[in-house]
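Please open the model in your viewer and keep the selection panel at hand. The stops below proceed one selection at a time.

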Amino acid sequence: MLKIAVGHSNDPDSAEAIQDVLAGCKQTLDGHQPKAGVLFAAIDFDHALLLEHIYTEFPNLQLIGGTTDGEVSSVLGFQQDSVVLMLFCSDEVEMTTAVGRHVSQDPEAIAAATVECAKAQLGISPCLCIATPESLTTSASSILDGLKQALGGVPILGGTTADQTRVKQTYQFFNGEVLSDAVPVLLMGGNLLFSYGVSSGWQPIGKRSQVTKVEKNVIYEIDAKPALEFYHYYLNEFAPDVAYPLAIFPPGEEKFFLRGALKYDPDCGSLTVAADVPQNSIIQITEASHDGIVAASKASFEHALQDYPGKEPVAALFFSCAWRRLILGTQTAQEYDTIKLDLAQGLPSCGFYTYGEISPLRIAGPSFFHNTTFVTLLLGSQ
């Protein structure tokens, strides 16, 4: 049995909002005590107060989460400036949380140690990791490398925390604490069924080229020529723009993840993108339409549903990129609305707009860090 409850409020007052959220959750729980939960909240709330109220109600809860660039749920759909909480109850699925603090000091080692701590507490082999790490103080790709190092082939899904496009400071939630520069993780094991889907709406165009010189997230050469020349070949003299991200085919993979451009150096011709790029990756420029971006959210959900190993899921989690929200503008609500048409009646769901998404590209494949992408995670039990 896996029972899920979701509460969501757009009341601007922190105390009122969390009371609304908890009331909605308790009504669904009907006396059941949750083991774990995820909390997503806009940047301007009193996050310590939110957690204080949650832990007054559920003192033994294992919780992760963080601040956002927008929130979605089966209760209120797409919102900004809101609070959403999903709670998990089960007598068959084991769940535990852990956190790595000051992750920028050594992101890979601290992330790996965080997982080892969670594994020791879980007591059984994990089958899924959900993470909501820092996005601004360090490389999210390095954090993910550390998580993968400790988890082996266990799928990792989630998103990096956001601050409503201010790009100043994000916050992560771990049990009753509000942190920054941290990596909270939730491990699940036991009788858990899950599947995931990844889609963006951007389509590669033009010829494929190879990254021949790169240092972390700075691409210096493509096909042994300045990276900026590759970009300008397709987009004339336009400045690199997140509306035209690069499709990155990492070595050994047939599918791609996206990297949005942050800045460029006209003197050396380098291109700085939003996260690390593996050496010798194959790349293409991409393009998308608003309709294609919206359709991708439905495609993500449909792919997850097709791969779901049970009869039907009992909950859905969504991780969408803040750049998608910026590009879609007033059409952002359509991302969830188009999925809602396919959701089973009353399927509890929630999610948030991130500064980067985490998911494998394929079933049984390694997890990657994505930009401008929509990720669906479906959960259930046998």
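**A guided tour, starting at helix H4**

Select helix H4 and colour its buried positions, which are Ala-140, Ser-141, Ser-142, Ile-143, Leu-144, Gly-146, Leu-147, Ala-150 and Leu-151. Bear in mind throughout that this is a predicted model. Because 9 of the 12 residues of H4 are buried, that is, under 20% relative accessible area, the helix is largely enclosed by the rest of the structure. Running over residues 140-151, H4 reaches 16 Å from its first C-alpha to its last, which is close to the 16 Å expected at 1.5 Å a residue.

Now inspect the two ends of this helix. At its start, select Ser-139, a side-chain oxygen of which reaches to within 3.3 Å of the backbone nitrogen of Ser-141. Following H4 you will find Gly-152, where phi is positive, near 65°.

Next, display the pockets, beginning with the largest, which holds about 500 Å³ of space. Its lining comprises 23 residues, and those closest to the pocket centre are Ser-135, Leu-136, Leu-262, Ala-274 and Tyr-355. Two elements, H4 and helix H7 (322-328), give two or more residues to this lining, with H7 providing the largest share, 3 residues. By class, the lining of the largest pocket divides into 12 nonpolar, 9 polar and 2 charged residues.

Move on to the second largest pocket, in which about 370 Å³ of space lies. If you centre the view on it, Val-198, Ser-199, Lys-255, His-303 and Leu-361 are the closest to its centre among the 21 residues that line it. Strand E13 (193-199), strand E18 (257-259) and helix H6 (290-307) each supply at least two lining residues here, and E13 gives the most, with 4 residues. The lining of the second largest pocket divides into 9 nonpolar, 9 polar and 3 charged residues.

Finally, turn to two loop positions with a backbone angle worth checking. Most residues other than glycine have a negative phi. Select Asn-280, in the loop between strand E20 (270-273) and strand E21 (282-287); although Asn-280 is not a glycine, its phi is positive, about 70°. Asn-280 counts as partly exposed because its relative accessibility is 40%.

The last selection is Ala-364, which is found in the loop between strand E24 (357-360) and strand E25 (367-370). Ala-364, also not a glycine, has a positive phi of about 70°. Is Ala-364 buried or exposed? With a relative accessibility of 72%, Ala-364 counts as exposed, the cut-off for that class being over 50%.

Note on methods: Residues numbered from 1 in each chain as written. Predicted model: local features only at pLDDT ≥ 70, side-chain atom pairs only at ≥ 80, totals over all residues. Heavy atoms only, no water. Buried < 20%, exposed > 50% of the residue type's maximum accessible area, 1.4 Å probe, protein only. Expected span 1.5 Å × (residues − 1). Polar contact = N/O pair within 3.5 Å; in protein donor to acceptor, adjacent residues only side chain to side chain. 1 Å grid on protein atoms, 1.4 Å probe; cavity = no way out; pocket = protein on both sides within 12 Å on 5 of 7 lines; lining within 4 Å. Points joined across faces, edges and corners; volume = space filled by probe spheres on them. Nonpolar A, V, L, I, M, F, W, Y, C, P; charged D, E, K, R; others polar.
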